[in-house]
Amino acid sequence: AWKRSQTAAFKSSDEFEKEVVRHVETSLARSMFNCDEKAAYSATSLAFRDRLILDWNKTQQRQTYRDSKRVYYFSLEFLMGRALDNAMLNVGMKDTAKAGLADLGFRIEDIIGQEHDAALGNGGLGRLAACFLDSLASLDFPAWGYGLRYRYGIFKQEIIDGYQVEVPDYWLDFNPWEFPRHDVTVDVQFFGSVKKVTNEEGKSVAIWEGGEIVVAVAYDVPIPGYDTPTTNNLRLWSSKASGGEFDFQKFNSGDYESSVAEQQRAETISNVLYPNDNLERGKELRLKQQYFWVAASLYDIVRRFKKSKRAWREFPEQVAIQLNDTHPTLAIVELQRILVDVEGLEWDLAWEIVTGTPQFGYTNHTVLPEALEKWPVGLVQHLLPRHLQIIYDINLFFLQYVEKQFPDDRDILTRVSIIEESQPKMVRMAHLAIVGSHKVNGVAELHSDLIKTTIFKDFVEIFGPDRFTNVTNGITPRRWLHQANPRLSELIASKLGSHEFLKDLSQLNKLELLVQDKEFKKEWAEIKFANKVRLAKYIKETTGVNVNPSALFDVQVKRIHEYKRQQLNIFGVIHRYLTLKAMAPAERKKQLPRVSIFGGKAAPGYWMAKQIIHLINAVGSVVNNDEDIGDLLKVIFLEDYNVSKAEIICPASDISEHISTAGTEASGTSNMKFVLNGGLIIGTCDGANIEITREVGENNIFLFGNLSEDVEDLRHAHTYGSHTIDPDLAKVFEEIQKGTFGSVHDFSAMIAAVKDHGDYYLVSDDFHSYIETHKLVDEAYRNQEEWVVKSITAVARMGFFSSDRCIYEYADGIWNVEPLPRRD
Ligand code: 26Q
């Protein structure tokens, strides 16, 4: 059997130390006498990197040699977080590094803390891609990620006077985890025009000419698997002007400025991640990013395939491409273009290969209409003239196929057409993705049912139910348990007898046998408390507010969005505050102390989301300074929520909030992270909450609110019937409007959304049930003994939510690929 000690291991902490010193002195050209924490971080990373490279090379060589089928995960977002801690743990050498660093006078946590998060994503979709890469490598799948190397990731959030301010996130000044491949480049064409000519064989062919070329340069990032030498590759493309540094002709003719401008224009493509989450905005640069990345990636894949000298028919047997949402849908069109225009295949044969089984799989992450991607036909025509023709041809053949099936139904053609006949006409990317993929999946059971019965209903009729499937999301237990919560991971390992559960999470179920073990329960509770103390310390350092670690920690951290209903939470907090204020002091003293913790970014152009952040901060400054209240209620907004902060927050929650309007949150994945760390959840019957309930049992979760099937009728009633506001909520509104939290004007829109504009997100409808359920939470928490039993039971039943399980489902049901373990 394979042993880590034969490959990437350091033989001892001495050996590791020597490597660190060597890197400080040579790679960094510094001396150990002025080695600060930043330099120690750099040298430690370089030392680990050296070892990873060996495994990485071997993995790639083996994949090439065996010529096995590969999976390519196309995602515009990879929300990786920090790499060093993960590399040390996956390689199994963190203890060695800890000892070595201690010997050099450093604490390993401080060194790990020096690393800047790789934040190339917005939220759930990007983090899912990162968890999948971890699982793919850990399970030995031959898999690559393809994405963009943004110079600026998601912005850094600062809170100034209670308002969000966005600061650019420049993260690349020192990044030891990427390897520029200046020899791996692809020319990507934009604009120009299409000419039809007849070739020597008398065949009519399209020639796309003119326009401009932008060069894609590959940057590779090693992805180490846990407890395996498999180290996969994440390839990120960076854009560069063609023709070297600048256009020498222009330079010589004295037009220096315009040649620099041209270079800058090319480089803008990979400059910045769009900070919208669940909102589509038709910006030309975004479409340019999509094509740039898709064209470079496909070219790379085709180049690799052609080396094997196989027939094109075998392409689907060698290549599986997963489309993370519709963002890479142009890949379908681009592959058809390559096969027809470049390789000279007949249209029908090419289309058979493109739609071959398994070739493209499309994952849908949303049913929100404002998030479904559409591009104006005119824009596509201008930027990608040949692609628009191909899209029209694909649509023509598709509509002919539909017409044959439903000869008397004109409406269905209008509904399913890839082109929306609006003013202006639009290309519907989801329709294109469904037509070009052999499988379409949702990300939780409810969500997968909803897409089949609502937005994609017609396509179920056309292609049959088998084109649609569900793969419920998961998270990697390596980062979200072992790395984020080492004490809990070690306690579990000591009880189960090994760390095997980190690769077979269903083994957690053996913990259920221990729920009556007093000593175990005590240790379990102690670990939660220590994690809360750590968070309390962090809160003190970053906000100046003292919170009592014995209070119930109630957490909602995720992107700020009306559908996720942070407004419901803060209105609930205000209600709690008013209730406490109205009590006689003697009664007040009997109440359970609570800390309400919020965190998350608002898209810079999402005005309402920014108002929600402002209200949370405004409530915090009143409540936290109210002497009647003291420890009974604190309201905290944590600035700049990101992956590394989630690693501190998730292990420290008692209860977390997943309270989206039913039917709106496709899955949610932080719900899984919190429960896996021994926190309970309060949530609606939405997304993966439903399956979490099925697994952990109704007694170990706090559900409330209206069900998805009732949402439509309620909305209808708001608009056409009478809409009465919940009386407790009305009191909350009155208090805000009195000016108790300042800025009456700012908050009026949030209130109006509920009172006057139809309460689309059902805040008032769910308010009573929400408040009552929070009372149940308080009651349950008073019985600590019982609470710990719930916590352990829930963790024991969370095995299903490992991203390893997801990857096996994708591999089996969608990709048809096998693991390729290394045996040397
Ligand atoms: C699209 C076009 C133009 C600009 C931006 C976008 C864009 C960017 C990001 C659209 C959507 C996103 C991100 C969506 C997202 O994170 N969705 C979440 O995916 C998770 C993983 O499946 C689910 O758990 C969440 O429920 C879902 O909201």
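Author: Two strands pair if DSSP finds at least two bridges between them. Helices (H or I, at least four residues) and strands (E, at least two) are DSSP runs, numbered from the N terminus. This is a predicted model, in which local features need pLDDT of at least 70 and side-chain atom pairs count only at pLDDT 80 or more, while totals for chains, interfaces and linings use all residues. Residues are numbered from 1 along each chain as its sequence is written.

Reader: Which order do the strands of the open sheet of three strands have?

Author: The order is E14-E16-E15, and the pairing is antiparallel. Strand E14 (374-376) and strand E15 (419-420) stand at the edges with a single partner strand each, so one side of each has no neighbour in the sheet. E14 is joined to strand E16 (residues 426-428) by three bridges, and Trp-375 stands opposite Val-427 in E16.

Reader: What is special about the peptide bond from Gln-423 to Pro-424?

Author: Most residues other than glycine have a negative phi, and most peptide bonds are trans. The bond from Gln-423 to Pro-424 is cis, with omega near -5 degrees, and Pro-424 sits in the loop between E15 and E16.

Reader: Which residue that is not a glycine has a positive phi of about 50 degrees?

Author: That is Ala-29, found in the loop between helix H1 (13-25) and helix H2 (37-66). There is also a hairpin to look at: Asp-161 takes a positive phi near 55 degrees in the hairpin of E5 and E6, which has two residues between the strands. Strand E5 (residues 156-160) and strand E6 (residues 163-167) pair in the antiparallel sense over five bridges, and Glu-158 has Val-165 of E6 as its bridge partner.

Reader: How is the open sheet of six strands ordered?

Author: Read it as E21-E20-E19-E22-E23-E24, with parallel pairing. Its edge strands, pairing on one side only, are strand E21 (633-638) and strand E24 (702-703). Strand E19 (residues 552-557) and strand E20 (residues 594-599) run parallel and are joined by six bridges; for example, Arg-594 in E20 is the bridge partner of Leu-552. Helix H24 (residues 607-623) packs on this sheet and touches E20 and E21 (contact: C-beta atoms, placed from the backbone, within 7 Å). The direction of H24 makes about 140 degrees with that of E21.

Reader: At what angle do the axes of helix H11 and helix H14 cross?

Author: Axes are lines fitted to C-alpha atoms, for helices over the stretch in contact, and angles run from 0 to 180 degrees between N-to-C directions. Helix H11 (residues 330-342) and helix H14 (residues 385-405) have axes that come within 10 Å and cross at roughly 95 degrees. H11 and H14 are therefore roughly perpendicular (65 to 115 degrees; under 35 is roughly parallel, over 145 roughly antiparallel, the rest oblique). Leu-330, Val-333, Gln-336 and Arg-337 of H11 meet Arg-386, His-387, Ile-390 and Ile-391 of H14.

Reader: Where does the ligand lie relative to the domains, and why?

Author: Domain bounds come from an automatic or database domain assignment. Here the chain is divided into domain 1 (1-66 + 83-115), domain 2 (67-82 + 117-470) and domain 3 (531-784). Domain 2 and domain 3 both give residues to the shell around the ligand, so the ligand lies between them. The centres of domain 1 and domain 3, taken over C-alpha atoms, are separated by 42 Å.

Reader: How many residues surround the ligand?

Author: There are 24 (each with its C-beta atom, placed from the backbone, within 6 Å), and among the closest are Gly-124, His-365 and Ser-667. Helix H6 (residues 124-138) gives the largest share of this shell, three residues.

Methods
Two residues are in contact if their C-beta atoms, placed from the backbone, lie within 7 Å.
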